[in-house]
Every structure is written in structure tokens, then in C-alpha cells.
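Reader: I am new to this structure and would be grateful for a close look at its salt bridges, one pair at a time. Please then place them in the wider setting of the chain.

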Amino acid sequence: MLFLWILSTILWLLNIDNILGFFIDALNPCVEDCLNLYQPEKWSELRWIIAGLIGFLTIIPLVNLQIWNFAKPGLTNSERKILRNVLVLAPVLFLLLGYISVIEVLPILYQAGHELHINYGFVVKYDAISLVYFASVILWIQVLVIVSASVMISSGITGNLDKDNANWWRLRVYGFVSLVSLLSYYERTNNGLIITLCTLLIIEIISRPWMTKMAKYRVNLENQYNHEGEIVSALKISCDCNNKQLGDYQENILQLSNLCCDKQIQGDLLRLITRYQPDNLMIFNCQNPIAFEWVSDTFPQISIEVNE
């Protein structure tokens, strides 16, 4: 895959001057000649950066396919939905928003700033590298926001993200975004910090409805003493396929109807066990105890009791 990226980058590099010329013409706010090249060495660097970015976008379908084939066997059904949504929607949203921001919005903002400078009586001269560099910064922020927000929203839609574990998701997603963002602007530490904070704020605002959503299940673990006198936690679940009444203990039992045969509910159980990590799992009202052998295989450290 690295070889394909290098190859596609070299191919785009052969026509990179025409591509940069197109973007500069689109971003140029002047009718007259007002663009200069103040740092020729930066222009060469910019040519490679843009060629590498376009080269990577070219092979995105192959990259996403490899990510899917590698990760799919180890994911639950809901996690597969998250990954599929991110791999499909993120590139499409980036291309759409990238075109709107760079080709439609930025030229309007540049033109408004140029007219303001003219009204002040300034003799305007703009750096061509700065115009393209600022556009590339906007595109990079969009990449981080789109990918991160897609992960958070997809996690919320599939039930993996809610109010109870929002900080767990924040730590991992925001930590990754902060690391990548700060390393991207290592030469401009102050600017990089401001850009990173703005990026995190945008992601937080977009993901806020799913971070404040109530959890799908209200779980109450019971603490008990085992035969060795140690305190262990127990998660009690009712499958309800037997239609038996559980009496006074019903308030402490989580109702997961048809747990033994519903794959989606089994995925919910897997998430609950992963999140709360009980020592014991007690399942009541089930006609098919064999259906829970997968739980023993996945979590061998948990003691499982069915209809006991």
C-alpha cells in the first residue's frame, strides 16, 4: 500500500503545477497582478505535500478496503456498523465539504478581505504560498473533524456511545486528534495549539447530542461475598423466553428479551460485559442455556450461571 501511495504521488507530481495553478486562480482575490512568491523553497515543499495528499486520496478506496478486511473478523456487529459508516461516509463528506470550502467559500472570504484592504488604501501584495497553505490547513481540519465526528455519531447511533461512557470516547478520540494535529503544526507551536483546540471544540459541538444521550440499559451490579469471603460483582439478566415471574428480585435484573436467539441483543450483552466487567453473570428464564457458550469462550474469567 505504501508503494501505491508513492506511485500515485509521483504521478500527480508530474501535473502538480497545473493543479496548484488551478487552486491559485480560484483563490486569487485580485484582478490585477498582486501575487508574489516570497519563499521559493516553501513552494517546492508545498508541491510535494499537495501531491502526497492527492495521491493518498486516490488510493483511499483500497486503504479502506484493507482496513475493513483486517478489522472485520474481530469486531462485533455494532462495531462493524461504526467502521462501515466511517469508511464510506468520511471520504464522501470530505470531498463534498472540501470542494465547498476551498472552491466556493474561501474565494469569497479572500475577496472580501481584499476589498477591505483596498478601501483602506493599502498597496496589496499576497503570498501565493500563504493562500494555498491556509486552504490546506482548512482541509486538514476538515479531515480530523469529519473522521472523528463520524466515529462519535456512528457510535451513538449504534448504541456504543452514551452519557455513561462519553468520557471514555473523549479520551481516545480527542487524544488521537490532539496528537495528530499538534504534530502537523510542530513548526508553529502556538498556531498548532489554537487550531487543535478549535478542532476539538467543533467535534464536541457536533457530537454533543450523542454524548448526552441516556444509556439504552440501566445496569445495577450486585456486590456479593463468594465462598472465600471476597467481594464479587454480579450482573443479573432475564432472557424472558420462559415467561416466568421472577418475584421480588425483578428490580435487580436487567430484561434482555430473547437474549438466547437475538444477535443484536447478544451484541448489547457483549458491550455491557465489556463496559461493567462483572465477576459473575447470572441468566434467568432461558430455554436454551447452550446459547451462551460463546460468552464463556469470549470471557473465560467470568463465572456464568444459567437458570440456577
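Author: A salt bridge is counted here when a side-chain nitrogen of Lys or Arg lies within 4 Å of a carboxyl oxygen of Asp or Glu. The model is a predicted one, and a search of the whole structure finds eight such pairs.

The pair formed by Arg 170 and Glu 204 is a suitable place to begin: their closest N and O atoms are 3.0 Å apart. Arg 170 belongs to helix α7, whereas Glu 204 belongs to helix α8, which spans residues 189-211; the bridge therefore ties together parts that are 34 residues apart in sequence. Both Arg 170 and Glu 204 are buried. For Glu 204 the relative accessibility is 16%, and the limit for a buried residue is under 20%.

Glu 204 has a further partner. The side chain of Arg 208 also meets that of Glu 204 in a salt bridge, with 3.0 Å from N to O. Here the two residues share a helix: Glu 204 and Arg 208 both lie in α8, four residues apart, which is about one turn of the helix. Arg 208 counts as partly exposed because its relative accessibility is 41%, a value in the range between the limits of 20% and 50%. Taken together, Arg 170, Glu 204 and Arg 208 are linked in a network of salt bridges.

Another salt bridge joins the side chains of Arg 275 and Asp 162, at 3.2 Å from N to O. Arg 275 is in helix α9 and Asp 162 is in the loop between α6 and α7 (166-184), so this pair connects parts that are 113 residues apart in sequence. The two partners are unlike in their exposure: Asp 162 is buried, at a relative accessible area of 3%, while Arg 275 is partly exposed, at 30%.

Beyond helix α9, which covers residues 263-276, comes the loop that leads to strand β6 (280-284), and Gln 277 lies in this loop. Most residues other than glycine have a negative phi. Gln 277 has a positive phi, near 50 degrees, although it is not a glycine. Its relative accessibility is 60%, so Gln 277 counts as exposed. Asn 280, by contrast, has its place in strand β6 and is buried, with a relative accessible area of 15%. Aside from neighbours within four places in sequence, Asn 280 is in contact with Val 232, Ser 233, Ala 234, Leu 235, Ile 302 and Ser 303.

The setting also includes the nonpolar parts of the chain. In soluble globular proteins, nonpolar side chains tend to be buried together. The largest nonpolar core holds 31 residues, of which Ile 16, Leu 20, Ile 24, Trp 43, Leu 46, Ile 50 and Tyr 126 touch the most other members. At least two residues of this core come from each of α2 (16-27), α3 (40-58), α5 (77-119) and α6 (128-157). Helix α5 gives the largest share, namely eight residues. Another core, of 23 residues, lies apart from this one, and among its members are Val 219, Leu 259, Ile 265 and Leu 272.

Nonpolar side chains are also found at the surface. Val 88, Leu 89, Leu 93, Leu 96, Leu 97, Tyr 99, Ile 100, Val 105 and Leu 109 make a nonpolar surface patch of about 780 Å². Leu 89, one of these residues, lies in helix α5 and counts as partly exposed, at 45% relative accessibility.

Lastly, the cysteines deserve a word. A disulfide is a covalent bond between the sulfur atoms of two cysteines. The structure holds one disulfide; this bond joins Cys 30 to Cys 34, with an S to S distance of 1.7 Å. The torsion about the S-S bond of Cys 30 and Cys 34 is about 95 degrees, and the disulfide is therefore right-handed. Cys 30 and Cys 34 are both buried. Elsewhere, Cys 239 is buried, with a relative accessible area of 0%, whereas Cys 198 is partly exposed, at 42%.

Notes: Residues numbered from 1 in each chain as written. Predicted model: local features only at pLDDT ≥ 70, side-chain atom pairs only at ≥ 80, totals over all residues. Heavy atoms only, no water. Core = buried A, V, L, I, M, F, W, Y, C linked by side-chain atoms within 4.5 Å. Buried < 20%, exposed > 50% of the residue type's maximum accessible area, 1.4 Å probe, protein only. Disulfide = S-S within 2.5 Å. Patch = residues over 30% accessible without salt bridge, like charges linked within 9 Å, V, L, I, M, F, W, Y side chains within 5 Å. Areas by Shrake-Rupley, 256 points an atom, 1.4 Å probe, with all protein chains shown as cover. Contact = heavy atoms within 4.5 Å.
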